[in-house]
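Here are some short exercises to work through with the structure open next to you. Try each task on your own before you read the solution.

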Protein chains: 4
Amino acid sequence: MTQARAPRADAVRNRKKILTAASEQITAHGPEAGMDEIAAAAGVAVGTLYRHFPTKTDLVAAVVAEYVARVADDAEAALARVADGTASALEELTAFLGRVIEQSATDRAVKAAAQTLGAQPGDHADEERASAAVAGLIRAGQADGDIHADITVNDIYLLFSTAPADQPPAARNRWLALVTPGLTIQARRTAS
Amino acid sequence: MTQARAPRADAVRNRKKILTAASEQITAHGPEAGMDEIAAAAGVAVGTLYRHFPTKTDLVAAVVAEYVARVADDAEAALARVADGTASALEELTAFLGRVIEQSATDRAVKAAAQTLGAQPGDHADEERASAAVAGLIRAGQADGDIHADITVNDIYLLFSTAPADQPPAARNRWLALVTPGLTIQARRTAS
Amino acid sequence: MTQARAPRADAVRNRKKILTAASEQITAHGPEAGMDEIAAAAGVAVGTLYRHFPTKTDLVAAVVAEYVARVADDAEAALARVADGTASALEELTAFLGRVIEQSATDRAVKAAAQTLGAQPGDHADEERASAAVAGLIRAGQADGDIHADITVNDIYLLFSTAPADQPPAARNRWLALVTPGLTIQARRTAS
Amino acid sequence: MTQARAPRADAVRNRKKILTAASEQITAHGPEAGMDEIAAAAGVAVGTLYRHFPTKTDLVAAVVAEYVARVADDAEAALARVADGTASALEELTAFLGRVIEQSATDRAVKAAAQTLGAQPGDHADEERASAAVAGLIRAGQADGDIHADITVNDIYLLFSTAPADQPPAARNRWLALVTPGLTIQARRTAS
DNA sequence: CATGAATGAGCTTTCATTCAT
DNA sequence: CATGAATGAAAGCTCATTCAT
């Protein structure tokens with residue numbers, strides 16, 4: 001296997017600029033942001049953009065991958081706090097859900113883009129980091145007796161894949177309040 | 001008062017064909033289904049399509065309106081069964097949610113289209129019929145002591161606007177199971 | 001030759017309504033006025049419009065023909081006044097030119113339409129009435145010694161076919177002042 | 001200051017081809033010449049055409065601008081000949097008018113297009129060059145005692161904006177003969 | 001004979017992608 | 001390896017004209 005030559009410094013810089021610009025543009029104008037606009041925002045020519053990402057789908061996938069990486073970081077931090085005893089697992093899990101939704105609100109178009117273009121997550125490593133951390137949170141919560149026994153990582157994914165990212169904050173909070181009882185073992189309390 | 005002349009038979013036929021075709025095409029290929037394709041699927045020329053719906057947005061709005069009408073019918077039927085004593089309000093409400101989700105699975109793209117294009121619901125009458133019926137179900141469930149006191153029609157809308165329409169049936173059922181506890185007053189039981 | 005059946009009263013009425021509407025619409029929106037708009041303005045359906053004028057070109061030609069008839073009336077009146085001794089031929093001729101330009105200003109789009117669509121004047125009778133009257137004016141002016149001997153009807157046509165109909169009144173008057181010396185006898189050198 | 005990189009050779013070539021083709025097509029088929037036809041005539045794809053001229057209006061404006069530049073060159077040359085003493089100002093002015101009309105005969109549709117599309121002349125520099133040169137000719141002719149004292153550049157514009165470009169050469173010459181007396185000093189009566 | 005729904009080629013314009021420079 | 005000009009297949013929409021009612 002010919003070891004991939006170490007990428008040139010400027011190529012790395014360009015890749016970063018492109019990803020940043022793509023994220024911004026897609027956030028701002030939705031998935032219909034043009035490749036030319038993204039290239040311009042990144043300060044490169046389209047050709048360069050296409051050298052790094054052979055397809056628009058690939059570019060979006062990369063943007064999504066970055067987003068996944070951030071989510072994984074967040075989940076791991078939450079798990080660490082639980083391990084420290086700083087916070088309860090249930091609290092951390094719902095707070096995590098809240099934060100992810102918050103982010104989706106900003107990056108909503110990214111999600112839309114991902115779905116629209118059928119972008120496949122490219123970075124399985126980060127996905128697995130995220131899954132592992134969330135699984136840890138769930139197990140801890142179950143051990144505490146706070147989280148229902150049959151909840152899985154997929155349930156969490158299912159929930160935040162359906163979060164109302166495009167709604168105003170009030171609606172997003174309300175949604176979280178409606179949805180969390182499904183995770184816990186206790187009955188609903190009067191809402192926030 | 002010049003009573004609007006009765007619409008021509010073939011025009012009515014065409015309108016129906018167009019709506020059907022539009023629903024199918026949008027379901028199949030998403031909101032980016034082309035007007036030409038829809039027209040072809042309806043067996044008419046584009047011009048005809050544009051005579052009936054001056055804008056793509058209008059067409060989508062009409063498709064959505066039909067969908068809303070069906071939902072309203074469904075909700076009213078559910079309310080009627082509760083009034084009969086045939087079924088409990090909570091059961092009917094969750095069953096209703098389930099059915100709406102099921103339908104969205106087929107028409108998922110329609111919903112996406114509506115959002116994408118900013119289509120405004122054209123038929124407020126149907127929308128209000130649906131809201132009234134759902135409100136009735138909620139009140140009945142609250143009277144039974146089954147539904148939490150602060151649940152409103154908007155909560156129901158919020159939930160099914162976020163239903164995972166594009167997921168396989170198993171995921172959709174699971175989602176329903178996760179979400180319903182938020183509506184009820186009781187604690188979660190071990191899931192299905 | 002089967003004598004053309006006398007046209008029905010309502011058909012005549014419709015023809016008139018259509019011509020009026022067409023003139024108005026074309027004046028208002030230029031030659032790109034749509035057939036549907038013209039029909040609507042006339043209070044008939046497109047089909048009716050097409051029964052009277054098989055082609056847009058034909059319709060425009062008819063509108064132009066009406067205009068020609070009005071011009072012919074004007075020219076004949078001018079000639080009559082000269083015959084009466086009420087006014088001098090040169091004065092009447094320039095006044096006539098001025099009036100025609102004035103009208104063109106309103107109906108400018110009609111002229112544009114005529115050219116754009118290559119409409120051929122349909123009503124030779126009126127054209128000849130106009131030509132005869134103008135020729136009379138010219139002859140009278142030449143007899144008076146006011147109008148140059150080589151001026152012909154075609155010269156007059158040539159001039160007002162190039163009148164600046166779309167210019168403000170000041171420009172139109174200036175144009176007339178620039179152009180009239182070419183008609184008179186004084187100082188004209190024999191034309192090239 | 002980032003000096004605009006020198007345009008690529010092929011881009012320049014294409015721009016020229018497009019302008020030529022556009023001029024020809026618009027001349028031949030009027031302003032309704034399709035963008036596709038123009039592109040085909042230029043031997044490029046539509047996209048290229050739109051890269052150079054973002055709008056049909058822009059394209060037409062560019063074509064008109066070229067025409068204005070040619071007129072300005074012509075007027076300046078005429079003025080230069082007068083300054084040399086090679087020719088009289090009046091002769092040069094009428095000859096200039098004649099040449100412009102001749103040209104308009106070819107480019108007539110361009111002028112129509114410009115008006116139809118409300119194209120704004122893009123190159124004021126050329127316009128002013130032309131105006132300055134014509135003003136020079138007028139002043140020289142007035143100094144010679146050949147041109148009437150109240151003639152201005154606007155008069156010249158007014159005349160050739162109404163030149164019968166679409167008429168056969170004989171008519172165009174006749175028109176010029178009819179119109180020139182208005183410019184000269186002999187026999188002109190004080191204007192209206 | 002009027003109606004107006006249907007037709008369909010045509011329009012301008014956009015944009016992901018390729019490739020000469 | 002970057003550049004940005006060129007490509008060309010769509011897209012949504014218009015409108016003169018035809019023809020069933």
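**Exercise 1.** Find which atom of DNA strand F a backbone N or O atom of D:Gly47 lies 3.4 Å from.

*Solution.* This is a predicted model, so every distance here is computed from predicted positions. Start at D:Gly47 and pick out its backbone N or O atoms. One of them lies 3.4 Å from a base nitrogen of DNA strand F. A polar contact needs a pair of N or O atoms within 3.5 Å, so the pair makes the cut.

**Exercise 2.** Now look for protein atoms by the phosphate oxygens of DNA strand F, at B:Met35 and at C:Lys56. Which part of each residue is involved, backbone or side chain?

*Solution.* Take B:Met35 to begin with: a polar backbone atom sits 3.1 Å from a phosphate oxygen of the strand. Then go to C:Lys56, where an N or O atom in the side chain is 3.0 Å from a phosphate oxygen of DNA strand F.

**Exercise 3.** Describe the protein surface near DNA strand F: how many residues are around the strand, and which element gives the most?

*Solution.* Go step by step.

- Count: there are 33 residues around DNA strand F, and A:Arg51, B:Lys56, D:Asn14, D:Thr48 and D:Arg51 come nearest.
- On the DNA side, sugar and phosphate make up 67% of the strand F atoms that come within 4 Å of the protein.
- Elements: at least two residues each come from α3 (46-52) of chain A, α2 (35-42) of chain B, and α1 (9-29) and α3 (46-52) of chain D.
- Top contributor: α3(D) gives the most, with 5 residues.
- Classes: you get 12 nonpolar, 11 polar and 10 charged residues.

**Exercise 4.** Do the same job for DNA strand E. Which residues come nearest, and which element gives the largest share of the surface?

*Solution.* Of the 35 residues around DNA strand E, the nearest are B:Asn14, B:Thr48, B:Arg51, C:Arg51 and D:Lys56. Sugar and phosphate account for 66% of the strand E atoms within 4 Å of the protein.

Next, check the phosphate oxygens of DNA strand E. A polar backbone atom of A:Met35 is 2.8 Å from one, and a polar backbone atom of B:Ala45 is 2.8 Å from one. For D:Met35, a backbone N or O atom lies 2.9 Å from a phosphate oxygen of this strand.

Then list the elements that give two or more residues: α1 (9-29) and α3 (46-52) of chain B, α3 (46-52) of chain C, and α2 (35-42) and α3 of chain D. The largest share, 5 residues, comes from α3(B). By class, the surface near DNA strand E has 13 nonpolar, 11 polar and 11 charged residues.

**Exercise 5.** Step back from the DNA and sum up chain A: how many helices and strands does it have?

*Solution.* Chain A has 8 helices and 0 strands. Of its 192 residues, 47% are buried. Now take the contacts in chain A with a separation of 6 or more: 68% of them are between residues 24 or more positions apart. The accessible surface of the chain is about 9700 Å², with 54% of that belonging to carbon and sulfur atoms.

**Exercise 6.** Why is the ring pair A:Phe96 and A:Phe160 edge-to-face?

*Solution.* The ring centres are 6.4 Å apart and the planes are at 70°, so the pair counts as edge-to-face, which takes over 60 degrees. The pair links distant parts of the chain: A:Phe96 is in helix α5 (residues 89-117), A:Phe160 is in helix α7 (residues 153-161), and they are 64 residues apart. Both A:Phe96 and A:Phe160 are buried. Ring pairs also bring in A:Tyr157, linking it with A:Phe96 and A:Phe160 into a cluster.

**Exercise 7.** Is D:Ala133 buried or exposed?

*Solution.* Find D:Ala133 in helix α6 (residues 124-144) of chain D. Its relative accessibility is 3%, and the limit for buried is under 20%, so D:Ala133 counts as buried. Leaving aside neighbours within four places in sequence, D:Ala133 is in contact with D:Ala75, D:Glu76 and D:Leu79.

Methods. Residues numbered from 1 in each chain as written. Chains lettered and ligands numbered in written order. Predicted model: local features only at pLDDT ≥ 70, side-chain atom pairs only at ≥ 80, totals over all residues. Heavy atoms only, no water. Near = heavy atom within 4 Å. Polar contact = N/O pair within 3.5 Å; in protein donor to acceptor, adjacent residues only side chain to side chain. Helix = DSSP H or I, 4+ residues; strand = E, 2+ residues; numbered from the N terminus. Nonpolar A, V, L, I, M, F, W, Y, C, P; charged D, E, K, R; others polar. Buried < 20%, exposed > 50% of the residue type's maximum accessible area, 1.4 Å probe, protein only. Contact = heavy atoms within 4.5 Å. Areas by Shrake-Rupley, 256 points an atom, 1.4 Å probe, with all protein chains shown as cover. Phe/Tyr/Trp six-rings, centres within 6.5 Å; stacked < 30°, edge-to-face > 60°.
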